[in-house]
Amino acid sequence: MREKTNVDIEAINFLYQRYKEYLLPCLVIFTCILLFLIVIIPQIQDLISISKQREIEFKKLELLKNNLATLISINSSVLDSQFAVVSSALPPNKDFAGIITGVSAAAQRAGVGLNDFEFQVGDLREISASSMEYPFLTTKLNIQSSYQQSANFITELFKSFPLAEIVDVSLSGRSTEVSVVFYYKPMPEIEVDNYKPVKILTKENLDLINELLTWNSNPVINVPLPSSSTSSGSTSPF
Amino acid sequence: MKNDINLLLRTKTDQTKKSKLSHLLRLTSVVSIAAVLLTSFILYILSRQLSLEPIKVRQNAVINNINFLKNKQAKLIVINAKLDDVSQIMTKRPRFDSDIQTILPKVPSGVASRSLTLGKQRLTFRVESNSLKNINDFINNFAQMAKSKSLIKDLTLGGIGLDPTSGNYSLSVEAEKL
């Protein structure tokens with residue numbers, strides 16, 4: 001008796017034999033199309049995205065190179081003196097010695113007699129450097145002077161370090177009482193981001209420093225820098 | 001003989017058609033394989049050339065150099081921040097010295113200043129004179145200052161008094177500063 005055969009297999013076999021010469025090329029073309037759609041097109045998209053990323057990275061590299069060139073071009077001693085001047089103008093803490101020196105020098109330059117100082121120490125809490133407010137130390141000064149000399153003293157005090165602001169003035173006969181606040185501000189937390197352009201001093205800033213330098217007859221104070229954090233994850237050089 | 005019943009001829013035509021189709025398919029499949037291989041090869045070469053790794057290596061090299069100059073960078077940041085603060089403080093400081101310089105010439109001769117109190121908003125001035133005419137000149141001068149908006153914007157007379165022992169008239173004025 002004849003063995004049972006599957007008609008479907010026979011039919012498929014027959015069809016395969018009959019269309020074999022078309023079937024293989026069709027299969028190859030279909031596979032190629034599939035490969036193109038599934039593998040090659042995504043790869044092309046990846047390449048386009050990598051190319052864009054490359055442009056961005058190139059720009060970052062250029063920025064880093066510019067930052068390096070800028071930092072190399074800055075004269076260290078000039079920078080140190082600028083740093084010292086701004087730190088004297090706005091010290092990081094209550095600078096009693098600086099205030100006394102500044103007031104005495106202003107009195108000397110204006111030719112007035114300084115009677116007594118009165119410091120109001122004020123709040124002793126730590127003040128945040130990020131605060132927009134400027135902490136200050138209030139001082140009352142009594143001077144022996146004419147009105148004109150008092151004006152001269154105020155002008156001189158205006159140009160002394162730390163930066164002072166006259167709150168009120170009371171002139172009576174040859175005695176003048178001046179309420180002054182001396183500003184200070186804690187050092188800001190330094191966050192160095194290598195991928196941001198180094199901000200060099202503008203012309204206005206340089207003019208301001210030069211103006212401060214002309215005022216700066218007092219010895220500058222040496223202020224240590226706070227530790228800095230860096231976004232590139234490198235170690236601090238301080 | 002009719003063409004439609006000529007089986008031999010028909011078979012030949014079909015064979016030719018099938019052969020052409022088969023040839024075309026084979027050619028297409030070969031071209032497809034070649035295209036896929038070529039594209040893959042080009043993509044491989046491009047992906048090797050467009051690698052981000054060399055740029056990252058160069059970036060790290062520059063960052064390492066920058067790290068040696070971190071101190072300078074930090075100082076520059078502090079200087080910029082401090083200068084912004086200094087500039088703001090300097091802008092808001094009132095100039096009492098120039099206020100005094102503006103007021104003093106307005107005091108006529110024969111009028112003695114007894115006290116002058118200057119604040120950010122107001123000023124109070126007390127003067128003495130043995131002549132009412134001088135006191136009048138003083139008031140006129142200050143009224144003119146208020147009118148021309150020079151340092152003050154209004155003027156309030158506090159009162160005129162007479163000290164019988166010295167014969168001096170005293171006047172106190174208050175003004176709101178601009």
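How many residues of strand E3 of chain B, residues 152–163, are buried? Of its 12 residues, one is buried, so to speak of cover here is to say that this strand is hardly covered. A word on the term: a residue is buried if 20 or more other C-beta atoms lie within 10 Å of its own, exposed if 12 or fewer, and partly exposed in between, with C-beta atoms placed from the backbone.

Before going on, the ground rules. This is a predicted model, in which local features need pLDDT of at least 70, side-chain atom pairs count only at pLDDT 80 or more, and totals for chains, interfaces and linings use all residues. Residues are numbered from 1 along each chain as its sequence is written, while chains are lettered from A and ligands numbered from 1 in the order in which they are written.

Helices (H or I, at least four residues) and strands (E, at least two) are DSSP runs, numbered from the N terminus.

Back to E3(B). Its partner is strand E4 of chain B, residues 168–177, and the two pair in the antiparallel sense over 10 bridges. Two strands pair if DSSP finds at least two bridges between them. At one end of E3(B), Ile152(B) stands opposite Lys177(B) in E4(B). The two strands form a hairpin with four residues between them. In that turn, Gly167(B) has a positive phi of about 75°.

Just ahead of E3(B) is a loop that starts after helix H5 (132–147) of chain B, and Lys149(B) is in it. Lys149(B) is not a glycine, yet it has a positive phi of about 55°. Is Lys149(B) buried or exposed? Lys149(B) is exposed, with 10 other C-beta atoms within 10 Å. Leu151(B) lies in the loop between H5 and E3 of chain B as well. Leu151(B) also has a positive phi, about 70°, although it is not a glycine. Leu151(B) is partly exposed, with 17 other C-beta atoms within 10 Å.

Now chain B as a whole. It has five helices and four strands, in the order α-α-α-α-β-β-α-β-β along the sequence. Its radius of gyration is 50 Å, well over the 16 Å that the globule rule gives for 178 residues, so chain B is more spread out than a compact globule. The radius is taken over C-alpha atoms, and the globule rule is 2.2 Å times the number of residues to the power 0.38. Along the principal axes, the C-alpha atoms of chain B fill a box of roughly 160 × 55 × 20 Å. Buried residues make up 20% of the 178 residues in chain B.

Next, chain A. It has five helices and six strands, and the pattern along the sequence is α-α-α-β-β-α-β-β-β-α-β. Of its 238 residues, 26% count as buried. Residues 24 or more positions apart account for 74% of the contacts in chain A with a separation of 6 or more. Two residues are in contact if their C-beta atoms, placed from the backbone, lie within 7 Å.

One helix of chain A is worth a stop. H4(A) has 12 residues and reaches 16 Å from its first C-alpha to its last, close to the 16 Å expected at 1.5 Å a residue. The expected span is 1.5 Å times one less than the number of residues. Among the buried residues of H4(A) are Phe153(A), Ile154(A) and Leu157(A). What covers the buried residues of H4(A) includes helix H3 (96–110) of chain A, together with helix H4 (96–103) of chain B. In the loop between H4 and E3 of chain A sits Pro162(A). The peptide bond from Phe161(A) to Pro162(A) is cis, with omega near -10°.

Last, how the two chains meet. The contact takes 70 residues from chain A and 59 residues from chain B. Which element gives the most to the side of chain A that touches chain B? That is H1(A), with 26 residues. By class, this side of chain A divides into 43 nonpolar, 18 polar and nine charged residues. Here Ala, Val, Leu, Ile, Met, Phe, Trp, Tyr, Cys and Pro count as nonpolar, Asp, Glu, Lys and Arg as charged, and the others, Gly among them, as polar. Strands also pair across the two chains: E3(A) and strand E1 of chain B, residues 112–118, do so in the antiparallel sense over four bridges. Val169(A) stands opposite Leu118(B) in E1(B).
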